[in-house]
Structures are given as C-alpha cells and as structure tokens.
Amino acid sequence: MESRSRSVKIDARAIAVMFLPFALCLSSFDLLPGSRAAQPQSAESQIEAGKRIYLGSCSMTYCHAAGGIGGGGPKLRDREFTPEYLTLLITQGVPGTPMPAFKESLNKQQIAQLVAYILSLSPKKGAAKAKSDTQPQSQPQTLDPHLSGAAPKTETATPSAPERVKSDVAVNDSFDIRGDVEAGRALFFDSAETRNCRVCHTAQNRGGSVGPDLTELAGKPPREILQGIVAPHMAIEERYATITITTRAGEKFTGVKRDENETTIRLYDTSTLPPVSRAFLKSDVAKTERLNTSAMPADYASKYSLKQLLDLVSFLKSSNVSLKDLF
Amino acid sequence: MWRRIAAGHRLRLRLNTLLSIALIVSALPAYAQEPSWERLINSDREPQNWMSYGGNYAAHRFNALDQINRENVKQLAPVWMFHTGELRGGLNSTPIVVDGVMYLMGPMNRVFALNAATGEKLWSYVYKLPQMSIPYQPGSRGLAVAYGRVYFGTLDNHVVALDAKTGREIWDVEVEDVRQCGCNITSAPLIVKDKVIVGGTGGEHAHRGYLNAYDAKTGKHVWRFYTIPGPGEPGYETWSEKMWKYGGAPTWLVGSYDPELNLLYWGVGNPSSDFYDEFRPGDNLYSDSIIALDPDTGKLKWYYQEVPHDMYDFDSAFECALIDYEKDGRKQKLLVHANKGGMTWALDRATGKYVNAWPHVDTLTWLKGVDKNGRPVGMQPVPPDKETFVCPSAAGGRNYGHSAYNPRIGWWYNVGWEICNVIRPQKLEIKEGQPLFGGGMEMKPPPDKPAYGHINAFDPLTGERKWRYNTTGINVASLLATGGGLIFSGDVMGDAFALDARTGQKLWSFNTGAGMSGSPISYSVNGRQYIAIPTGTGSLLSGLVPLLWPELAHKIPEAASTLVVFALPETSIKGATVNGK
C-alpha cells in the first residue's frame, strides 16, 4: 500500500518554529487616484486625476514644482512634449539624473493621466494632445538599449538530479503549509538582516551580483529552488565557483571572482556578509585556487523556519507555493 | 649543548616572528600610513591641513591660519583652478588636504588627488555608476582620508576605499541596493578610530533610515544603527505598525565626535512621507533628532528630538557643532545644532539635556515656542487635502550649507533663509524604495515681504545676534571661519566673498563665474595660505532662486564644477609667516 507520508528535506528545527509570526506582509493600499480598475475618462477628469498624481509625485520644489514651473528639475509648462515622449520618460526615468522610473509606482493608466496633466500645462503647444485617448503605447520605445528594464540574462546552472533524501518529517495530505509571495519578498530584501538573500543575489531586478540572478528561477520546480537554498553545494555554476586568492604577503581571501583586467583581479570576499569586493594587483597574487564548496552559507535550513523557506520559494516562483508542491 | 640548541631554536623563532611581522607590515603598507587617528583627532594642531569634513571633529569649520586677514584680504587672487569635467551635480563637496595633497570628491563618483599648491592632478578615480536614475542628486559632499586611504560613498550606495597614493581601489562594499531602498550616499564618511561611519539619504522614500560602520581596514560591516526602532525596542511605539519600515529618518550628512566622552553625534532627517502623516501617528523617533552613539558598538547613549511628528520636512540632519562655552567662569560642553525649521538648539552634549533654543530666522509659523525641555509647543497642524502656509519652507530656514565657529571670538556663524511655502499633503501608495513625499509644496515669500537671506554671527548659547549680512538670494554654500578674523563663502550668483568676522562687513569678493553650493576650506603649503572654494551649484536648492527672485533668473550663471583656489600674491607674503602653523 502506498504510504501517504512524503519526504521533506528540511531540518527538524525549521518545523519547530514554523508557527512563529510571519515576516511583515505589506498590505496593498489602493489609495492613489486612478489605481482602481480602468474606466473611460473624459479629458477633464483625466487631467484632474493626473494633477493629483503630479501633486504627490512631482510637485516638490526639488523636482518640477507646483504647476510645472520648474525647481531643481526642469520646468514642464510651456514646452513642446509629445505624449509618447512624456510617457517614455515617466515610465523609464532618466538615468544619470534624479528623475526616477515611475513604472514601479504608477500603472499605465496613472501615467497616462499624468501625461495628460503635464500636456495641459502647455495649452498652446501640447494641450490639444491631452485628451483621454492619450494612452501610452503598450510597449514604449526605449531611448537607450540599457533602459529596456529587462533583467540581465544570466546563465543558469544545469540542474543536477534532485537527491532523494530519507524522510525525517512526515507530512500527510491533510496537513499543509502555504508560502506567501510578499512575506518571501520581505525576507529576501530584509535590510535588518545582513545575511539576507539580496546581499548576493538579484531577484526582480534588485539585489547583488555576487551569486546568480534568481529572477529566472520562476520556471524551475519548487523543490529545485528549495534545494538551492538549503543545499547550495549541490549545483554550483562555474561562473560563481568559490576561489581562494593567496597574496605574496601570505594573506588568504575566499569568495567569488568579480572580474579581472590586465593588472587587477577583484574578488567578492564572502567570509563576511555583506560581501566585500577586494581588488588585488595580479603582481601581488601568489596563488589562485578553485574550491569545490559553495560560497553561499549552508545553514539556511536551520536559520529559517519551514514557513519562511516556503515564503522564499513562493517569492522566487511569484506564486504561493505549498508544502505539497515540493513533492 | 641543549642550551645552544634551545638558543638556536629561540633565534629561529625570533627570526620567524620578525619575518611574520615583516610580512604583516608589507601586507598593510597603505593602511599603516597617514593621517593617523592621533593626527585626525588633534587636527586643530595642524592648520596647514584640512583633514576632516568639518575641519575638525567638532564641526567648527575653522582654520587658525592668519596670513590672509582683514588687512590684506583685498589682495586675494586666484592662483589655480581645477575642473572636475562633469557638470551634472556641480561641486558641492569639502576638499580634504593632508601634507600638501588635496583629495577632492567631484560629482558622479569622481575622486581626484591634486597637488594642493599647484592643482596638478596626481591621480583620478571614476567609480562606474550603473545605468540608473539617481535618487536626490548627482553631486557629492565629500570624502574622508585616513591611514593612507581615501574613503567615500557612491551614488549607488556603496562604500569604497582607495589607496591614497595611487588611487587604486582596495575594497568596495554595497550598503543596500539603491533600487530596493531608494537611498544612497551623497555625503562624506566620518572616520572614528578603526571605523568608517557612513550615513545615507532616504527621507523622501519609503525606507528605514540607518547609520552604518565598516572596518576601515577590511570593509567588513561592523554595526548598523536604525534611526527607526524595530519591534521590542524603545521608541517603536512612536510609529504605527504600518510605517516603521518605511518612515525615512535618514542620516544624509556628517556627524561629529567628542574623544573625551567617546560619543558620536549624528543628526537625523525627516520622517517620510514628508507631509502626509496619517500613517505615522506619534513622535516618530528618531526622526528630526540628534542621536549620540557609542562609536565602538553603535549603541544609543542618548537622543534629543527637536521636531516631534514632523509634518513640514524639517530635517535635523545638519552638523553638530561641539562648542566648549565659557561665560562668567562657568564652562559648558554644548552641542549647538541648527534645524531646518529655523530653530537652533543648544544641548548638554554629555547628557543630551536641553539647555536653550532660539530662532535663527525671522519668520516662523510652525511653532509658538518651546517648553522647559525644549519641546515645541503650539505646532501648526498640516491637515490632509488642505493647503497650509508654513514658514520656513521645506527647503529650510537654511539647508546643508554648514555653519562655522571661531573659538577665538566665541561666535557661531550661520546662514538664514526667509522663505515660506504652501504645503499640500496627499495620500500616496507606499512601496518600499519608491518616492514618498506625501504631497507637494510651493515656495512663497514671507507674509507682506519679499524672500531674503542672510548670514549671522550669534552667541552660540544665548542666540544673541552680533551682526547680520544680507545675501544675494539665498546662500547655499557653507561658511568658513579663519584665524585671520574672516568668514568666507560664496553666493549663487558667482561671487566668492570674505566678511569681517567681528562686524559682518564685506571686505573682498571675486566673481568666479559660477554659483556656489559647496564648502570652502583653508590650508597652507610651504608657508603660503590658500582658500579653496568649490563652484558650480549642483544642489537642487539652487532651483529656488529663479522661483523667488525672478529678477535674478536671467543672470544665474551657467553650470560648472570647478574648484577655485585663492592666495595672496607671492610678493606680498615674502618673508611673512603663517601663524598658527
């Protein structure tokens, strides 16, 4: 008879603390004008909604000031903007200046409202275009290939066959724990924790580049993602191999190679977290060795509760993963 | 024989020990170099140098040299200039000078070492910034030099150490991903013993402010002090559960240090969202506060909050001037601190107890006064969805342009801005790392009069005003006090100038051709005193000038990022000595 018990490769301590309070879960506020479901708007109401967004996001004197008269940033009134250009700038920001990309804080409808309002500040030059049909292009063109906002492609490790581990926890079908994407996000980026994931990894275009970009893990099975967290040594991508640099002075530094040029090699020293990038003159380096261990700490199974691990997996999958999904 | 063998063994041990020591020393050649902590903490003994951000660890911005003085300052002329090559961000920084070498932080993460007598470039280092929008501004206010290394923070929130002799990168550590926190570093670090202490921005973003300490040798993170207490910590109750992780309270300027008390003082900025306060009922500790920390551990020793539950964007992030005040035989160890809200507080810096508070601007509407503990009373409400007229403005009764203190005269010199604003609070969705102004403001002149600005000399305890000099528009640049009885600064229209420290009378000016928002310094090389003044208004604050003084709009100088260095003609100083050196 088939057993209803399943194996879980989790430290028993993780189970012991799984009912501890969860990490802070952000509630969604839905306060911003225009953040509700899109509905047809007249030009006037579009501009009025944009004006309110402008007040909260753009009207500081350090930025464009009230009425777009210009402050620390350029003036926006009496200008000749096209809606497409404004949409692009608001959406993607202007790298190298304080103008942020609003794509993460405003939706397309809100950006269209903001564009309508800004165009209305130039009645002779741009207002004619500030109509309710000034919807942004669904895929705005980019000013610069670096602005596309696409996550940099990273080679992912060839997954090794998941290792079946003897059961140390029995879970039956009536028992389940479900991870939470937002709790996982909070854990991944928790600034109060110097050993959080983001000090080394990027996810959703934020975080460090010491280890692999985890954005592309969304397509992987939950079990494989969990294995990468609790047993990182089982699949080490060559690009992120652990190396030791021994200097001619006899000092040893261990971590992940950052980059090198003709004269210098840089290493992310992972002996302490957050990692410290160290630059060595090649002439000062006596020896470089590759190790077969992962630079990632191996104790996350005991550091995090099972619920927290599921939260992290859920965040990386962008969907709430349950304990049962691991099998 | 055993004795001989033992002796030989001991000899080998000694040789091994010596070899080990030699290896360790050779491994740390740069770290062991100058300036040492002993020199840094006694920098007043070396007026030929300007070795830390505030001129000394008490933020006096005073240089004792007196070769340039009230009698001869009219002869002051430019002797060299240095262009950083990057106009975005102007030049907001404080140069550092150590033993004839000047270290200059330019905008967009550019670092230079220059011959301080000639301006000759010795090396340069450009920290490559990723493609990103820059929170706050592309300029920087400076760097720190110690132990043969140059330390600075970057616009993408890293702390970097360079070899001071070559500019070679030694270590680089990320504080937090700028895309995650909406925060970065635009000010100089402060070296305290073996640590590099670095503040950051973030008061206009959904971010939990902090101060970080790194090991100066290795870059290892040593401690972090959150300026918003977490659950279970005292002060957490002054925030809502919703906002404590996103309440701002940044540490965006540079602190001070008292070696006798072993206390590190740091000013903390405003809570976010700046104007909309529904989500943060309570005093919102330690926003708008002075915090005193043990620099070895990062533990809080005391705090003093100047503006509880700020609704006006009144940072308390500015410098903490440590002044030993003596009057009628009574000595007081004061911390004198100008707030953005136009008030100056004098505290007992050993205990954090309130001593006095007084206005340094003429028009204040946000409070009616302070109680016996210095807590504001009659604070003006800023209700949501209404317009509220508040003085001073969110740009401040002054901003980061630093004060100066002349210990010989005993007066404290500070800038004042008479600008008000209309605040319009607005609810905003809270997303970590995203802007969180919570409304907007519109600059206005004070009631019934045009906007104006001034520089004042004050008694630092009583606030008694000794003199006032009216500035052109607002003075964004810092002040410099010198042993020659002078106050140096520069205005937004391009005039570098010197005032008589005792009367406020303007004694000298020179049109540099570029507005100023940096911090002048003084130093000497081979017996010649120099005044170095950064030019190029990269600060967002310079945008206030055409709004409030439209008559100046067409005269505002073009963008620049140039250090202009002045000295007396060599013929006039031949045979003269630089006193105080």
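Let me start with the contact between the two chains, to which chain A contributes 51 residues and chain B contributes 52 residues. On the side of chain A that touches chain B, the elements giving two or more residues are α2 (43-57), β2 (206-207) and β6 (276-281) of chain A. If we sort that side of chain A by class, we find 23 nonpolar, 22 polar and 6 charged residues.

Before going further, I should say that this is a predicted model, and that the confidence in chain A is uneven along the sequence, as the following values show: the average pLDDT of chain A is 74, with 72% of the residues scoring at least 70. Over residues 1-38 of chain A the pLDDT stays under 50, and for that stretch the model has 77 contacts beyond four places in sequence. A second stretch, residues 126-171 of chain A, also has a pLDDT below 50, and there the model shows 82 contacts beyond near neighbours in sequence.

Coming back to the interface, one element deserves a separate word, namely β6(A), which pairs with strand β10 (residues 169-174) of chain B in the antiparallel sense, over 3 bridges. Within the two strands, Ser277(A) stands opposite Asp172(B), the latter belonging to β10(B).

Staying in chain A for a moment, I would like to look at helix α8, residues 306-317. Does its length fit what we would expect, or what does the geometry say? The 12 residues of α8(A), at 1.5 Å a residue, should span 16 Å, and because the end C-alpha atoms are 16 Å apart, the model agrees with that expectation. The helix is mostly covered, 12 of its 12 residues being buried, and the buried residues include Lys307(A), Asp311(A) and Lys317(A) alongside Leu309(A), Val313(A) and Phe315(A). Directly after α8(A) comes Ser318(A), whose phi is positive, near 60 degrees.Another backbone angle in chain A to look at is that of Asp78(A), which is not a glycine and yet has a positive phi of about 55 degrees. Asp78(A) sits in the loop between α2 and α3 (83-92) of chain A, and it counts as partly exposed because 13 other C-beta atoms lie within 10 Å.

Let me now turn to chain B, beginning with strand β19 (residues 289-293), which runs antiparallel to β20(B) and is joined to it by 5 bridges. In this pair, Ile291(B) stands opposite Tyr303(B) of β20(B). The two strands β19(B) and β20(B) make a hairpin with 6 residues between them, and in the turn Gly298(B) has a positive phi of about 80 degrees.

The loop that leads into this hairpin, between β18 (263-267) and β19 of chain B, is where Ser273(B) is placed, and a cis peptide bond, with omega about 0 degrees, joins Ser272(B) to Ser273(B). Tyr286(B) is placed in the loop between β18 and β19 of chain B as well, and the peptide bond from Leu285(B) to Tyr286(B) is likewise cis, its omega being near 0 degrees.

On the other side of the hairpin, we come to the loop between β20 (300-305) and β21 (321-327) of chain B, where His309(B) is found. Is His309(B) buried or partly exposed? It counts as partly exposed, because it has 18 C-beta neighbours inside 10 Å. Leaving aside neighbours within four places in sequence, His309(B) is in contact with Asp277(B), Gly282(B), Asp283(B) and Asn284(B). For a sense of distance within the chain, the C-alpha atoms of His309(B) and Ile170(B), which are 139 residues apart along the chain, are separated by 42 Å.

Asp313(B) also lies in the loop between β20 and β21 of chain B, and its phi is near 65 degrees, a positive value in a residue other than glycine. With 32 C-beta neighbours inside 10 Å, and therefore above the cut-off of 20, Asp313(B) counts as buried.

Finally, there is an open sheet of 4 strands in chain B, in the order β21-β22-β23-β24, with antiparallel pairing. Its edge strands are β21 and β24 (354-359) of chain B, each of which pairs on one side only, and the twist from one strand to the next averages 30 degrees. Within this sheet, strand β23 (residues 343-348) of chain B pairs with β24(B) in the antiparallel sense over 5 bridges, and Ala346(B) stands opposite Asn356(B) in β24(B).

How values were computed
Residues numbered from 1 in each chain as written. Chains lettered and ligands numbered in written order. Predicted model: local features only at pLDDT ≥ 70, side-chain atom pairs only at ≥ 80, totals over all residues. pLDDT = per-residue confidence, 0-100. Contact = placed C-beta atoms within 7 Å. Nonpolar A, V, L, I, M, F, W, Y, C, P; charged D, E, K, R; others polar. Pairing = 2+ DSSP bridges. Axes fitted to C-alpha atoms, helices over the stretch in contact; angles between N-to-C directions. Expected span 1.5 Å × (residues − 1).
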